[in-house]
Amino acid sequence: MTGQLIRQEQVTPDTFLRGLWEENPVFVMMLGLCPVLAVTNSTINALAMGLATTFVLVSSGALISLLRNLIPKQVRIATYIVIIATFVTIVDYLIQAISLDLYNALGAFIQLIVVNCVILGRAEAYASKQKLPAAVVNALGMGAGFTLALLCLGTVRELLGAGSILGFHLFSANFEPWVVMVLPPGGFFVLGSWLLLFEYLKQRRARKAEAAAEVMAHGS
Amino acid sequence: MAPDSLTFIFLNAALINNFVLALFLGLCPFLGVSAKKETAWNMGLATMFVMLVSSVSAYGINWLLTLLKIEFLRLICYIAVIASAVQLVEMVLKRFSPILFRALGIFLPLITTNCAILGLALFQTNREYDFLQSIAFCIGAGVGFTLALMLMASLREKLALAKVPTVAQGAALSLMLAGLLSLAFMGFAGLGGSHA
């Protein structure tokens with residue numbers, strides 16, 4: 001069994017924080033982009049989608065972690081998918097019961113959480129190897145990172161496309177909404193812009209570190 | 001055009017509500033396998049085949065589940081069928097075209113988690129299409145997916161020769177390109193009149 005050979009990770013703040021920033025599922029790993037672009041035309045949709053995905057991530061991560069020594073290696077992917085699909089079905093009926101408007105706004109994308117690569121990726125790469133606490137904390141971090149990314153897109157798109165955030169209008173009546181932002185192309189543009197911004201910041205930091213290193217080298 | 005005619009369903013899935021560029025389904029292969037035209041074409045065909053198999057099976061399953069009144073199992077059954085269909089394609093490809101099998105690499109098993117396929121099965125159920133309509137819908141979706149993939153691959157082949165700022169290289173540029181394509185596809189909305 002290879003399971004015993006893998007180092008069991010201690011639960012540290014880093015287990016949670018990694019998913020939020022360093023290994024952010026959307027901005028860094030570029031996983032699960034379909035819901036990220038499709039449901040972020042308003043902040044509330046983005047928030048609901050983020051929470052639903054986090055719930056599925058955490059509960060499937062917990063169950064897979066508990067069953068990790070029982071699942072035969074050959075059929076593990078199929079098992080994970082069935083576990084994930086079960087929790088997605090629960091979320092699907094839950095949202096339907098809580099708010100039908102929200103359910104209609106999100107449409108098929110709630111059921112499509114099943115094929116969100118973030119969840120399967122976490123199951124395969126983390127939850128299937130770690131103990132319950134580590135798996136849950138890591139899934140929570142990933143879920144928070146995913147929600148954060150959704151909110152980044154959702155707020156920008158709602159602000160520019162409708163002039164409001166969470167339905168509150170922020171601009172005077174003279175504001176002409178950029179309708180394209182709430183339409184499909186806007187999703188691509190906003191995500192592209194965020195990535196440009198992060199890449200620019202990363203390169204600027206690298207240049208600064210380089211310059212600092214040079215100064216140090218000359219100083220000594 | 002009547003909204004439930006076969007031609008309209010086909011055009012709607014292929015152009016007006018293109019799966020990739022308007023509904024954001026199947027973005028992973030769209031961004032991942034669109035570097036070369038040839039791989040993009042083969043990926044498109046493989047996806048279309050899986051779509052056809054899973055659409056027909058989803059139709060059958062839905063009929064059976066409705067008959068037995070256990071619709072809550074729909075999602076689990078669909079995903080199981082899709083996974084088997086992908087396995088089938090994988091075996092066929094491995095047997096008849098090992099080169100193609102290697103070229104597609106990890107993206108072949110990942111067709112299972114391609115949301116375009118599950119999306120297709122779910123949409124056809126939600127919209128209550130009959131058998132022929134489902135087939136038209138799934139061929140339209142497949143054509144639309146291949147079209148988007150090919151357009152993107154052609155653009156990126158040209159782009160490989162262009163000089164772009166270092167900040168914009170990689171995913172950000174692909175997304176901007178996809179945005180422009182999506183903007184162009186919005187022009188097709190006029191085709192469907194008010195039904196779109």
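Start with Lys37(B) and Glu157(B): their side chains meet in a salt bridge, with 3.8 Å from N to O. Lys37(B) sits in helix H3 (residues 37–68) of chain B and Glu157(B) in helix H7 of chain B, so this pair ties together parts that are 120 residues apart in sequence. Lys37(B) is partly exposed at 35% relative accessible area, and Glu157(B) is partly exposed too, at 32%. Keep in mind that this is a predicted model.

Helix H7 of chain B is worth a quick check on its geometry. It covers residues 131–159, and at 1.5 Å a residue its 29 residues should span 42 Å; the end C-alpha atoms are 42 Å apart, so the two agree. At the start of H7(B), Asp130(B) has a side-chain oxygen that comes to within 3.3 Å of the backbone nitrogen of Leu132(B).

**Salt bridges**

How many salt bridges does the structure hold over all chains? The total is 3. Side chains of opposite charge can pair when their charged atoms come close. Here they are side by side:

| Pair | N to O distance |
|---|---|
| Lys37(B) and Glu157(B) | 3.8 Å |
| Arg18(A) and Asp14(A) | 3.7 Å |
| Arg76(A) and Glu124(A) | 2.9 Å |

The Arg76(A) and Glu124(A) pair links distant parts of the chain, with Arg76(A) in helix H4 of chain A, Glu124(A) in helix H6 of chain A, and their positions 48 residues apart. Arg76(A) is partly exposed, at 24% relative accessible area, and Glu124(A) is partly exposed at 26%.

Arg18(A) and Asp14(A) make a local pair: both belong to helix H1 (residues 13–20) of chain A, and being 4 residues apart they are separated by about one helical turn. What about their surroundings, buried or exposed? Arg18(A) counts as buried because its relative accessibility is 13%, under the 20% cut-off. Asp14(A), at 38%, counts as partly exposed.

**Chain A as a whole**

Chain A has 8 helices and 2 strands. Reading from the N terminus, the order is α-α-α-α-α-α-α-β-β-α, with the two strands placed just before the last helix. The C-alpha atoms fill a box of roughly 70 × 65 × 25 Å along the principal axes. Of the 220 residues in chain A, 45% are buried. Looking at contacts in chain A between residues at least 6 apart in sequence, 74% join residues at least 24 apart.

Gln130(A) gives a single-residue view of the chain. This residue lies in the loop between H6 and helix H7 (132–162) of chain A, and at 6% relative accessibility Gln130(A) counts as buried. Leu66(A) is 64 residues away from Gln130(A) in sequence, yet their C-alpha atoms are 9.1 Å apart in space.

**Where chain A meets chain B**

The interface involves 34 residues of chain A in contact with 34 residues of chain B. Together the two chains bury about 3,000 Å², 85% of it on carbon and sulfur atoms. In chain A, the residues that lose the most area to chain B are Cys34(A), Val115(A) and Phe188(A), which together account for 22% of what that side buries.

What does the polar side of this interface look like? The count is 1 residue pair in polar contact, both at pLDDT 80 or more, and the rule finds 0 salt bridges between chain A and chain B. The elements of chain A that give two or more residues to this side are helices H2 (33–38), H4 (76–98), H6 (117–127) and H8 (184–219). H8(A) gives the most, with 12 residues. By class, chain A's side has 27 nonpolar, 6 polar and 1 charged residues.

Thr89(A) shows the interface from one position in helix H4 of chain A. Leaving out residues up to four places away in sequence, Thr89(A) touches Phe72(B) and Leu75(B). A polar atom of the Thr89(A) side chain also lies 2.7 Å from the backbone oxygen of Ala85(A). With a relative accessible area of 13%, Thr89(A) is buried.

Key. Residues are numbered from 1 along each chain as its sequence is written. Chains are lettered from A and ligands numbered from 1 in the order in which they are written. Side-chain values use heavy atoms; hydrogens and water are left out. Contact means heavy atoms within 4.5 Å. Buried area is the accessible area (1.4 Å probe) that two parts lose on being put together, summed over both. A salt bridge is a side-chain nitrogen of Lys or Arg within 4 Å of a carboxyl oxygen of Asp or Glu. A polar contact is a pair of N or O atoms within 3.5 Å; within protein, one must be able to donate a hydrogen and the other to accept it, and residues adjacent in sequence count only if both atoms are side-chain atoms. Ala, Val, Leu, Ile, Met, Phe, Trp, Tyr, Cys and Pro count as nonpolar, Asp, Glu, Lys and Arg as charged, and the others, Gly among them, as polar. The expected span of a helix is 1.5 Å times one less than its number of residues. Buried means under 20% relative accessible area, exposed over 50%, partly exposed in between (1.4 Å probe, protein chains only).
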